[in-house]
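User: Please take a close look at the largest pocket of this protein. I would like to know what lines it and how the surrounding parts fit in.

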Amino acid sequence: MLNKFKAQVVNSLIEANSAIGMTSLLLMIASVSIALPMAVGLSFLADAGLQVGNKSLYQKAASASAATGLLGLAGLTGAILTGGLLSTCVLDEEEGDEQASTTTSTSQLEEEVVEISESAFVPETRPEQIFTYYVTSMDGHPNLYGLDIARTQPNVLEPGKFEIIYHRLTDYQFQRLSVLFEVKYPQDKNLVGKYFNSRFSNPGDAIQEYLRLHYKYIEVKSSGQFRNACLDSCKGCANLHGEHKIVCGIYPYGWEGLDCPDKKLLDGVVLRQFEDTRVVDNLNQGLNDAEVFKSDDYIVVHDRYFDISYRFDFDGNKFFWSDNLSELGKDANLVDYVNYFKNRKVVDKDFSTPEKIRELNKGLRCADVRVQGDKIVVYHITTRTCYYFKFNGQSDRLFNSFCPRELENNYNLVSLVDYLRSKKSFDALDHRHPESENFSA
């Protein structure tokens, strides 16, 4: 009620002020442009001796016109200032009403959200997203000459395809990265494949932040005052200061290797789950004839018994091009493989004995199993293809081009013999083009 009365008063004052301003403007125009020139002109004519009337009267009229003009100017100026003040009051009032309206609608919305959250909404916590950027070189086009840092992301419009998000490296960034990754400058191709992690989705922001975080490390590496082997563990460490020929307060001459026990990451430096060397070392505890180690850009699980390696990214996801265990399936991750090898019981069998060879040949119509030197050879009679195995039944070749596609995830002596016994496999191999590798008794 009070606000409504206040608005009516302000509107009335605005109307009155407008009338005063218009009257002052008309009075000033009439006085200055009409009355004052006439009075002054007639006064000059009287001074010249012309009979135009009383001179003193014209002088008084000129003074009155000048005073009236000044009064009109003052009224017009006051009206303008008063109008501006009143307009400000009106705008403030309107903003207050708009804010009150917005606050009311927001409060109503908050009440609805609170009601939903109490009954149905379960808050979801998402892990912080980390982006991995690789140094790449895209040749073959004149506009793509040079080095870039790039990452891939799924194409929203075309499922199954990826799009490349990249940033062209400047010469300054290239030089700094060369020092950081110990690559001889200016051999830029040696940088290709190097990578780093960042919380920034924009590659330009990511490279600037990465170089800023490792500025001190780059300066220390470039100084030549320290052995490079003693600085490898200092990359990204908050303890590094590298002044006065002292690496840090804990290890003045540095730590040889990548496993410094007192390494403390700088705020902002991010690592993926299995990128930390200490985490990888923990995975090796309790493994049975297997080993987990970190390569330049992926994790390797090596089965020493069967001499097969499985490769994963630093999030623990197996690469689609990696070998895989048929027992675990194609979707198993790094932890699944580590647990498998921790619980695996290796039974060392010898299939080279005469009894085992006779057992393998039983019911085998299209092939013949024999011992040749230190290998067991399965010779396919129709295609004249040879398959070589160790005495324990495992293939002596990690990637055997003769391996049937159906056995690519479970290829060994027993699985091949069982496959060749089946009528389906016999028909499939019987129509293959003969291979050049022949069996020799």
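Analyst: The pocket comes first below, followed by the neighbouring elements and the enclosed space.

This is a predicted model, in which local features need pLDDT of at least 70, side-chain atom pairs count only at pLDDT 80 or more, and totals for chains, interfaces and linings use all residues. Residues are numbered from 1 along each chain as its sequence is written, and side-chain values use heavy atoms, with hydrogens and water left out.

The largest pocket has a volume of about 1,100 Å³. Its lining comprises 39 residues, of which Y195, K235, L258, E275 and K294 are the closest to the centre. On a 1 Å grid over the protein atoms alone, a pocket is an open set of points with protein on both sides within 12 Å along at least five of seven lines; a cavity is a set where a 1.4 Å probe fits but cannot get out, and lining residues have an atom within 4 Å of a point. Grid points are joined across faces, edges and corners, and a volume is the space filled by probe spheres set on the points.

By type, the pocket lining divides into 16 nonpolar, 8 polar and 15 charged residues. Here Ala, Val, Leu, Ile, Met, Phe, Trp, Tyr, Cys and Pro count as nonpolar, Asp, Glu, Lys and Arg as charged, and the others, Gly among them, as polar.

Strand 4 (195-198), helix 4 (203-213), helix 5 (215-223) and helix 6 (277-283) each supply at least two residues of this lining. Helices (H or I, at least four residues) and strands (E, at least two) are DSSP runs, numbered from the N terminus; the protein has 10 helices and 10 strands.

Helix 4 and helix 5 also help to cover the buried residues of helix 3, as do strand 2 (147-154) and strand 3 (162-168). In helix 3 (residues 171-180), the buried residues are Q173, F174, R176, L177, S178 and L180; buried means under 20% relative accessible area with a 1.4 Å probe, protein chains only. Just after helix 3, E182 takes a positive phi of about 55°. Over the protein's 441 residues, 32% count as buried.

As for enclosed space, a search of the whole structure finds 1 cavity of 30 Å³ or more. Of the 14 residues that line the largest cavity, C234, C237, C248, Y251 and C260 are the closest to its centre. About 100 Å³ of space lies in this cavity, and its lining divides into 9 nonpolar, 3 polar and 2 charged residues.

Note on methods
Buried means under 20% relative accessible area, exposed over 50%, partly exposed in between (1.4 Å probe, protein chains only). Contact means heavy atoms within 4.5 Å.
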